[in-house]
Amino acid sequence: MKLLGISDTEIAFIYSPMVVERFPDVDIVIACGDLPYYYLEYIISMLNVPLYYVRGNHASKVEFGSTANRTSPWGALDLHNRVIEDDSGLLLAGLEGCVAYNMGPYQYTQHQYWQMVFNLVPRMLFNKARVGRYLDIFVSHAPPWQIHAMDDPAHQGVKAFNWLINTFKPKYHLHGHIHVYRQDTITSTVVGSTNVLNVYGYREFTIPMPSKRSWD
């Protein structure tokens, strides 16, 4: 399966008819936050594939449009605090926002992130019993603690994410939040069985077609 990860900044050729020519074989789009709803809706309408997302810390509570106002992108599925199975059999989970630094929206303390991660555990255990895997892709806006993260308060990593990827071993952890301005910036790090990817802007990657074995 081919996936497209996006986050944080709009890309001109994606927000144009060129997106169909550039990504003709993408199966799923995953948005890691801080992208306007109209941008996500455009991608859905042009590629006609599922789009899953989490919100970043700069997300608007309401986005005002010419025809209607919206509190979420039409046609996309919010992964925050959820563990879901895509029609392909891919297992995804997500958590929005970043570590709290100025009491703004979509900001959480390290303790709150631990609570949210623990809330995902029962469904991941159910996945393991049902299909033999806990999780294929974990999606967040913020990075894990000390992996692709920065030292300033606004761009710290989340400690609970390290425990999640080490314990439940998803194939990928996708995140945004950390802007990439230099070619030598590290954006891909393997942690045990998990490839942690910063998808700032956009990033294509592939994952094997998942098994859909179940109790049925």
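Which strands does helix 3 lie across? Let's start there. This is a predicted model, by the way. Helix 3 covers residues 110-131. It lies across strand 7, strand 8 and strand 11. Its direction runs at about 175° to strand 8.

Now helix 4, residues 159-168. Helix 4 also packs on the sheet. It touches strand 8, strand 11, strand 12, strand 13 and strand 14. Its direction makes about 170° with that of strand 11.

So much for the helices on the sheet. Next, the sheet itself. It is open and has six strands. The order is 7-8-11-12-14-13, and the pairing is mixed. Which strands stand at the edges? Strand 7, residues 82-85, and strand 13, residues 188-191. Each has a single partner strand, so one side of each is left without a neighbour in the sheet. Neighbouring strands here are turned by 20° against each other on average, direction ignored.

Let's walk in from the strand 7 edge. Strand 7 and strand 8 pair in the antiparallel sense, over four bridges. Glu 85 has Leu 91 of strand 8 as its bridge partner. The two strands form a hairpin, with five residues between them. Look at Gly 89 in that turn: it has a positive phi of about 100°.

Stay on strand 8, residues 91-95. Is strand 8 enclosed or open? Five of its five residues are buried, so strand 8 is largely enclosed by the rest of the structure. Both faces are covered. On one side sit Leu 91, Ala 93 and Leu 95. On the other sit Leu 92 and Gly 94.

Strand 8 also pairs with strand 11, residues 137-140. These two run parallel, joined by four bridges. Leu 95 has Ser 140 of strand 11 as its bridge partner.

Over to the strand 13 edge. Strand 13 runs antiparallel to strand 14, residues 194-198. Four bridges join them. One pair to find on screen: Ser 188 with Leu 197 of strand 14.

Back to the two helices. Two packed helices are described by the angle between their axes and the distance between the axes. For helix 3 and helix 4, the angle is about 20° and the axes are 8 Å apart. An angle under 35 degrees counts as roughly parallel, so helix 3 is roughly parallel to helix 4. The crossing is right-handed.

Who makes the contact? From helix 3, the residues include Tyr 113, Trp 114, Val 117, Phe 118 and Val 121. From helix 4, they include Lys 159, Phe 161, Trp 163, Leu 164 and Phe 168. The contact residues divide into 13 nonpolar, one polar and one charged.

One more sheet. This open sheet has five strands, in the order 6-3-2-1-15. Its pairing is mixed. The edges are strand 6, residues 77-78, and strand 15, residues 201-206. Each of those pairs on one side only.

Strand 1, residues 2-7, pairs with strand 15 over six bridges, in the antiparallel sense. Ser 7 stands opposite Gly 201 in strand 15.

What packs on this sheet? Helix 2, residues 37-47. Helix 2 touches strand 1, strand 2 and strand 3. Its direction makes about 160° with that of strand 3.

That's the tour. Thanks, everyone.

Notes
Residues numbered from 1 in each chain as written. Predicted model: local features only at pLDDT ≥ 70, side-chain atom pairs only at ≥ 80, totals over all residues. Heavy atoms only, no water. Pairing = 2+ DSSP bridges. Axes fitted to C-alpha atoms, helices over the stretch in contact; angles between N-to-C directions. Contact = heavy atoms within 4.5 Å. Parallel < 35°, antiparallel > 145°, perpendicular 65-115°, else oblique. Left-handed = near helix turned anticlockwise from the far one by under 90°. Nonpolar A, V, L, I, M, F, W, Y, C, P; charged D, E, K, R; others polar. Buried < 20%, exposed > 50% of the residue type's maximum accessible area, 1.4 Å probe, protein only.
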